[in-house]
Structure formats: structure tokens, C-alpha cells
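User: Please walk me through the aromatic contacts and the enclosed space in this model. Keep it brisk.

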Amino acid sequence: MSQSQQPQSRVADAIYEEHIPGASHWSLVVPAGHLLTVTDLEGGANASMLFYNPNNLLERYNAPDTLKGQHTFKLTQGHCLYSDMGRIFCSIVSDDTGWVDSVGGVANKQKVLDKWGARDYQGDHNNWLQNGYDSLLVEVAKYGLGKRDLAANINIFSKVASDDQGDLNFVEQHSKAGDSVGLRFEMDTLVIISTCPHPMNPSSEYPNLPVLLSVSKAAPVADDDLCVNLCGENSRGFENNRRYQCQHGHTHTVGA
């Protein structure tokens with residue numbers, strides 16, 4: 001993509017941007033006190049994400065603790081994403097979609113084959129059909145991680161809801177072009193992202209949809225912050241972060 005074709009950022013004060021094509025993977029370390037804005041450029045995108053502590057890769061995103069501690073099935077503005085050490089990687093400070101999928105996971109090679117057929121890189125080059133599992137696996141391998149390190153992920157821009165019978169259903173057209181989700185990072189975090197399609201997407205054509213990542217400086221966390229005060233568990237999570245950051249010389253704390 002030429003410079004003139006690059007999409008315009010929705011974040012005026014962005015200090016870093018990256019256009020991630022569909023069916024791709026990327027990673028970056030977002031420092032504490034910064035905001036990562038993920039934007040759906042065309043509508044219908046999916047951004048599968050995992051989170052790790054770059055200073056201790058054994059600490060990673062914990063989906064069960066994140067959901068049960070905040071008494072929720074969906075994730076949206078006000079919710080925090082927890083590590084398995086009881087600390088908060090990031091807070092969802094904005095969400096145009098109103099629902100971030102927390103349970104759908106990612107598709108593997110067989111599911112993509114069954115749903116959309118076979119295309120490989122050797123024969124189809126950039127038009128091959130990548131799957132979310134292998135996409136994430138390739139990206140975490142850059143940091144010495146492997147299959148056992150792939151925890152449950154979140155899927156930004158996707159919604160999976162239950163019906164009256166308790167069955168889970170993928171909600172089509174959930175995200176529109178220009179929708180964004182803002183993640184404020186409360187500790188230094190390694191972010192792994194894949195833009196492969198959601199495993200439950202019923203589209204007859206393989207969805208190949210891009211997203212834009214924008215990093216900017218976040219405003220200090222105020223005492224009346226929505227994410228801090230959503231529930232008692234979040235207040236404790238921020239206190240765990242404060243203690244951890246004091247040990248490591250960081251200063252991004254509530255009321256800073």
C-alpha cells in the first residue's frame with residue numbers, strides 16, 4: 001500500500017500506527033499509560049488478541065478470572081482484562097460496538113478448510129486462507145512461546161450471544177466501518193493480534209478485512225474512573241498493579 005493510500009488515523013495524537021491487513025498477525029509492546037485504539041476500517045473485521053507480561057512471559061491473559069471477577073459474559077467499556085496473577089493488563093475505555101466476544105476462540109486449519117476450502121501460501125501467496133490458531137502461534141513463536149502458551153483470547157469487533165435455548169450464535173454485521181475499541185494499558189503488555197476471521201462467521205466467502213492500530217498517550221487514571229470503580233474486584237486489581245509497578249519503578253497509578 002502506497003503512502004497516499006494509507007488510511008487516515010482516527011487518533012489525532014497517535015505516536016504509532018500500523019495497518020494490519022486481513023488474515024494477518026502482528027505484535028507490539030504497549031507501555032503502561034498508553035492507549036491502543038483498534039479500528040475496523042471496512043466493517044465486519046475480527047481482531048483476535050492475546051496479552052502477556054513482556055518482563056515475565058509466564059504471566060498472561062486469564063479469561064475465566066476476567067469474566068467471573070466482573071460478573072459478565074461479554075466485555076465492553078468499563079471492563080478490565082486480567083492476568084493470571086490478578087493484575088490488570090488493560091482497561092476497555094471505549095467501545096463503539098458495545099460487545100467484545102470473550103468465548104468464541106479462533107479457527108484452526110481444519111475449520112477454515114471445511115468452511116472456506118483450501119488455499120496455501122505456496123500456491124496462492126497473499127490470497128491464501130490463514131487460520132487464527134496458526135496465525136497466533138506464528139506470532140508468539142517470535143518470543144519463544146508455543147502451543148501451550150496460547151490461552152483463551154478475546155475477539156474485538158465480534159459478538160457471540162446466546163439464545164433462549166442457550167445456544168451460542170454469531171451476530172452478523174456487529175461492527176461497522178470506522179468502529180473502534182480503546183484499550184488503556186495499566187502495565188507494560190505484549191499484545192498479540194490476528195486478523196483472521198472469527199470461527200463462527202457464517203460468510204460464504206473468506207472474510208479478509210483489515211484493522212488499524214493506533215497508540216497514543218493515555219490520560220491519567222482519575223479517582224472516579226469507570227473501569228476502576230465498576231466493581232470491587234477492579235479496585236483490587238488496580239491496587240495489585242500499583243504494588244507491582246512500585247517494585248518496578250513505574251508511576252501509572254490511580255489518581256496519578
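Analyst: The questions below cover aromatic pairs, a charge over a ring, and a cavity. This is a predicted model, where local features need pLDDT of at least 70, side-chain atom pairs count only at pLDDT 80 or more, and totals for chains, interfaces and linings use all residues. Residues are numbered from 1 along each chain as its sequence is written, and side-chain values use heavy atoms, with hydrogens and water left out.

User: How many aromatic pairs does a search of the whole structure find?

Analyst: Rings of Phe, Tyr and Trp (its six-membered ring) pair if their centres lie within 6.5 Å. Planes under 30 degrees apart count as stacked, over 60 as edge-to-face, and the rest as tilted. On that basis, the whole structure gives five aromatic pairs.

User: What kind of aromatic pair do F51 and F185 form?

Analyst: The centres of F51 and F185 are 6.4 Å apart. The pair links distant parts of the chain, strand β4 (residues 47-53) and strand β11 (residues 180-185), 134 residues apart; strands are DSSP E runs of at least two residues, helices H or I runs of at least four, numbered from the N terminus. With 50° between the planes, the F51 and F185 pair is tilted.

User: Is W99, the partner of F73, buried or exposed?

Analyst: F73 and W99 pair at 6.3 Å centre to centre, edge-to-face, with 75° between the planes. F73 lies in the loop between α1 (63-69) and β6 (80-82) and W99 in the loop between β7 (88-95) and α2 (109-116), so the pair ties together parts 26 residues apart in sequence. Buried means under 20% relative accessible area, exposed over 50%, partly exposed in between (1.4 Å probe, protein chains only). At 16%, W99 is buried.

User: Which residue lies over the face of Y244?

Analyst: Y244 sits in helix α6 (residues 232-248). A charge sits over a ring if NZ of Lys or CZ of Arg is within 6 Å of the ring centre and within 35 degrees of the ring normal. At 4.1 Å from the ring centre, the residue over Y244 is R87.

User: How many charged residues line the second largest cavity?

Analyst: A cavity is a set of points on a 1 Å grid over the protein atoms alone where a 1.4 Å probe fits but cannot get out; lining residues have an atom within 4 Å of a point. The lining here includes G44, C196 and H198. Ala, Val, Leu, Ile, Met, Phe, Trp, Tyr, Cys and Pro count as nonpolar, Asp, Glu, Lys and Arg as charged, the others, Gly among them, as polar. The lining has five nonpolar, five polar and no charged residues.

Key: On a 1 Å grid over the protein atoms alone, a cavity is a set of points where a 1.4 Å probe fits but cannot get out, and a pocket is an open set with protein on both sides within 12 Å along at least five of seven lines; lining residues have an atom within 4 Å of a point.
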